[in-house]
Amino acid sequence: MVERYLRQSPLAHLGLDGRAQAVRGESGVAMSEQPFRGIVNLRVQPDDSEAMAALESALGFALPVEPNTTAASATALAFWLGPDEWWIVTPGPEPESGPNMAVTLRTALTDRRGAVTDVSDSRTCIRISGPRARDLLCKGMPLDLHPRVFPSGCCAQSHLAKTGVVLHLIAEDGPTFELYVLRSFAEYLWLWLEDAAREYGLTITSS
Amino acid sequence: MLLIPCPYCGERAESEFSYGGEAHIARPADPEKTSDADWADYLYTRTNTKGVYFERWMHAHGCRRWFNIARHTVSYDILAVYETGAPPPKFDTKSEV
């Protein structure tokens, strides 16, 4: 059990909340950290229809089986990561949200073949929005982010500035991206993004 | 840079992948009874084809799955992508496209 007062996001030492501002008209990119999400790694064979049905009733929606897509309810967000691998992300920030989701999924799987692993604290989430958000990401990413190829609701695992990330386009309007980065790379990636976003006019917003 | 069609994630840049060398090289079933020459052959001898080459790749920054590719080593054309364990597709391996 994590003590709340001991809990620190990987970017806490940068004092981002102290630098947060409202987005002004000339700002091309807005960035914020979205810390303390619950992340549960789920492995199950998609052709195991019993397990898939049990997980669907536990989550309230079907796991996405189309590559690079997501599915969501108000309390959970599922990422397709591979043919038999998903992430289930909970909004947090309660420290119990990840472990509770893991218990829910484990209970749904019972003794069927699969694996549920709580990996909440391994990553933090950075939200990037604004009219130049796509240009900013394209500076360090090999993915084709054109809306025709990477529409709203898409997710992809790739690398940004040589760092492994999971990218999610949550809304075409804006556009608004979220990327999940390993805790130990978070500071490096944030500072890289801040530098890369300077030419577009960067606003740091509160989380 | 190669644009590699991952059989699971779709087309991605080469920088997302790790190279795994030549495919379809079987480990000797009983290493204890394998001669040094055969073991060395298993470890080190590769066909180094000029033409269609069957090789393993892993989508390291993506789905982290291994798969096989048939690539022409002269033109760098990727002629086939297939799952690990599947037999290699038939090509005239001497052909120079």
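**Figure 1. Close-up of B:Arg65, which at 13% relative accessibility counts as buried.** The model shown here and in the other views is predicted. B:Arg65 is placed in the loop of chain B that runs between β4 (52-58) and β5 (66-72). Its 13% falls in the buried class because that class takes values under 20% relative accessible area. B:Pro7 is 58 residues away along the chain, and its C-alpha atom is separated from that of B:Arg65 by 9.1 Å. Leaving aside residues up to four places away in sequence, B:Arg65 touches residues of chain B, namely B:Tyr8, B:Trp57, B:Met58 and B:His59. From chain A, the residues touched by B:Arg65 are A:Arg43, A:Gly82, A:Pro83, A:Asp84 and A:Glu85.

**Figure 2. Side-chain partners of B:Arg65 in chain A: A:Asp84 and A:Glu85.** A salt bridge joins the side chains of B:Arg65 and A:Asp84, with an N to O distance of 2.0 Å. The side chain of B:Arg65 also makes a polar contact, at 3.2 Å, with the side chain of A:Glu85. Both partners in chain A are buried: A:Asp84 has a relative accessibility of 14%, and A:Glu85 has a relative accessible area of 5%.

**Figure 3. The interface of chain B and chain A.** Chain B contributes 11 residues to the contact and chain A contributes 16 residues. About 1000 Å² is buried between the two chains, and carbon and sulfur atoms give 44% of this area. On the side of chain B, the residues that lose the most area to chain A are B:Arg12, B:His61 and B:Arg65, which together account for 45% of what that side buries. There are 3 salt bridges across the interface. Residue pairs in polar contact across the interface of chain B and chain A number 11, counted with both residues at pLDDT 80 or more. Sorted by class, the side of chain B that touches chain A comprises 4 nonpolar, 3 polar and 4 charged residues.

**Figure 4. Salt bridge between A:Arg43 and A:Asp84 within chain A.** The closest approach of the two side chains in this salt bridge is 3.3 Å, N to O. The pair links distant parts of the chain, 41 residues apart: A:Arg43 belongs to strand β2 (residues 38-43), and A:Asp84 to the loop between β4 (77-82) and β5 (85-90) of chain A. A:Arg43, at 33% relative accessibility, counts as partly exposed, whereas A:Asp84, at 14%, counts as buried.

**Figure 5. Salt bridge between B:Arg64 and A:Glu85.** The closest N and O atoms of the pair are 3.1 Å apart. B:Arg64 is in the loop between β4 and β5 of chain B and A:Glu85 is in strand β5 of chain A, so this pair joins two chains. B:Arg64 is partly exposed at 40% relative accessibility, while A:Glu85 is buried at 5%.

**Figure 6. Salt bridge between A:Arg132 and A:Asp135, and the salt-bridge network.** The side chains of A:Arg132 and A:Asp135 meet at 2.6 Å, N to O. Both residues count as partly exposed, A:Arg132 with a relative accessible area of 35% and A:Asp135 at 33% relative accessibility. Elsewhere, salt bridges that share partners join A:Arg43, A:Asp84, A:Glu85, B:Arg64 and B:Arg65 into one network. Over all chains, the structure holds 16 salt bridges.

**Figure 7. Aromatic pair of B:Phe17 and B:Trp57.** Aromatic pairs number 8 over all chains. In this one the ring centres are 6.5 Å apart and the planes stand at 85°, so the pair is edge-to-face. B:Phe17 lies in the loop between β2 (10-13) and β3 (18-22), and B:Trp57 in strand β4 of chain B, so the pair ties together parts that are 40 residues apart in sequence. Both residues are buried, B:Phe17 at 9% relative accessibility and B:Trp57 at 6%. Ring pairs link B:Phe17 and B:Trp57 with B:Tyr19 and B:Phe67 into a cluster.

**Figure 8. Aromatic pair of B:Trp39 and B:Tyr42 in helix α1 of chain B.** The pair is tilted, with 5.0 Å from centre to centre and 50° between the planes. Helix α1 covers residues 36-44, and within it B:Trp39 and B:Tyr42 are 3 residues apart, about one turn of the helix. B:Trp39 counts as partly exposed at 25% relative accessibility.

Note on methods
Residues are numbered from 1 along each chain as its sequence is written. Chains are lettered from A and ligands numbered from 1 in the order in which they are written. This is a predicted model: local features need pLDDT of at least 70, side-chain atom pairs count only at pLDDT 80 or more; totals for chains, interfaces and linings use all residues. Side-chain values use heavy atoms; hydrogens and water are left out. Helices (H or I, at least four residues) and strands (E, at least two) are DSSP runs, numbered from the N terminus. Buried means under 20% relative accessible area, exposed over 50%, partly exposed in between (1.4 Å probe, protein chains only). Contact means heavy atoms within 4.5 Å. A polar contact is a pair of N or O atoms within 3.5 Å; within protein, one must be able to donate a hydrogen and the other to accept it, and residues adjacent in sequence count only if both atoms are side-chain atoms. Buried area is the accessible area (1.4 Å probe) that two parts lose on being put together, summed over both. A salt bridge is a side-chain nitrogen of Lys or Arg within 4 Å of a carboxyl oxygen of Asp or Glu. Ala, Val, Leu, Ile, Met, Phe, Trp, Tyr, Cys and Pro count as nonpolar, Asp, Glu, Lys and Arg as charged, and the others, Gly among them, as polar. Rings of Phe, Tyr and Trp (its six-membered ring) pair if their centres lie within 6.5 Å; planes under 30 degrees apart count as stacked, over 60 as edge-to-face and the rest as tilted.
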